[in-house]
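User: I'm new to this one and would like a quick tour. Can you show it to me first, and then take my questions?

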Amino acid sequence: RRQQESDTPMLEQTLPGDLHPSDWTLRDTAVKRFRRSAADYKLDIPDLVRPPHILEKTCAYLEEWVMERDRQGPDPRFPSNQQPPSLDVYQFIWDRTRMIRKDFILQNFIGTGGKCNAAAVRCHERIARWHAMCEHQLSHMPD
C-alpha cells in the first residue's frame, strides 16, 4: 500500500545487486512504521501484530542494513550520491523501533505483571543502546 502511495522513505528503497542482495524487493526492506491507535484504526488485530521472533529479526535488519547508513559513505539512493544525513537515519530508526516496542506492548510484554521472554529483552536492550549512542553523537553535531 505504501509503495502505491509513494510513501516509502529512501532508507527503505531497494537497490538490488548494488546496496542490497540481488533478490531483494521492497517487501524485504519495508519496516512497519509507527501508528497510533485510533477509533478508525485498531492496532491489536492479530494479523497486524508481529510475533517476538519477527520483531527480533526486524531489529537485526535495522542494525545491519540501516543504523549505520550515515557512516558508510555515499548512498546511491540519495541526491548526488551523498551519504544519508544522520538526523534522517535517527528519525527513521526512532519511528520503526517505536512500532517494535508498541508491538511488544500489544502482546502484553510489559515487564511487571506481563509476559517476558528473551527476544523481548534482547530487542529492548538493542534499541536502548542505539538510542543512547545516537543521543551522544547527535549532541556533538553542530545545529
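**Salt bridges and the core**

User: How many salt bridges does the count come to?

Analyst: Keep in mind that this is a predicted model. A pair is included if a Lys or Arg side-chain nitrogen lies within 4 Å of an Asp or Glu carboxyl oxygen. By that rule, the count comes to eight.

User: Let's take the salt bridge between D103 and K32. How many residues apart are the two?

Analyst: Their closest N and O atoms are 3.2 Å apart. D103 belongs to helix α3, which covers residues 86-106, while K32 is in the loop between α1 (26-29) and α2 (52-66). So this pair links distant parts of the chain, and the separation is 71 residues.

User: And is K32 buried, partly exposed or exposed?

Analyst: Buried needs under 20% relative accessible area, and exposed needs over 50%. D103 has 0% relative accessibility, so D103 counts as buried. K32 has 21%, so K32 counts as partly exposed.

User: Which Arg forms a salt bridge with D103?

Analyst: Look in the loop between α1 and α2, 53 residues from D103 in helix α3. The Arg there is buried, and so is D103. The closest N and O atoms of the pair are 2.7 Å apart, and the partner is R50.

User: Which helix holds E63, the salt-bridge partner of R126?

Analyst: The side chains of R126 and E63 meet with an N to O distance of 2.8 Å. R126 sits in helix α4 (residues 118-139), and the two residues are 63 apart along the chain. That makes this another pair linking distant parts of the chain, with E63 in helix α2.

User: Why is R126 buried, and how does E63 count?

Analyst: Buried means under 20% relative accessible area. R126 has 17%, so R126 is buried. E63 has 30% relative accessibility and therefore counts as partly exposed.

User: Which helix gives the most to the largest nonpolar core?

Analyst: That core has 22 residues, and L62, V66, I93, I100 and F104 touch the most other members. At least two residues come from each of α2, α3 and α4. With six residues, the one that gives the most is α3.

User: What does I93 touch, not counting residues up to four places away in sequence?

Analyst: I93 is among the five core residues that touch the most other members, along with L62, V66, I100 and F104. Leaving out residues up to four places away in sequence, the residues I93 touches are L62, V66, M67 and W130.

Terms used
Residues numbered from 1 in each chain as written. Predicted model: local features only at pLDDT ≥ 70, side-chain atom pairs only at ≥ 80, totals over all residues. Heavy atoms only, no water. Helix = DSSP H or I, 4+ residues; strand = E, 2+ residues; numbered from the N terminus. Buried < 20%, exposed > 50% of the residue type's maximum accessible area, 1.4 Å probe, protein only. Core = buried A, V, L, I, M, F, W, Y, C linked by side-chain atoms within 4.5 Å. Contact = heavy atoms within 4.5 Å.
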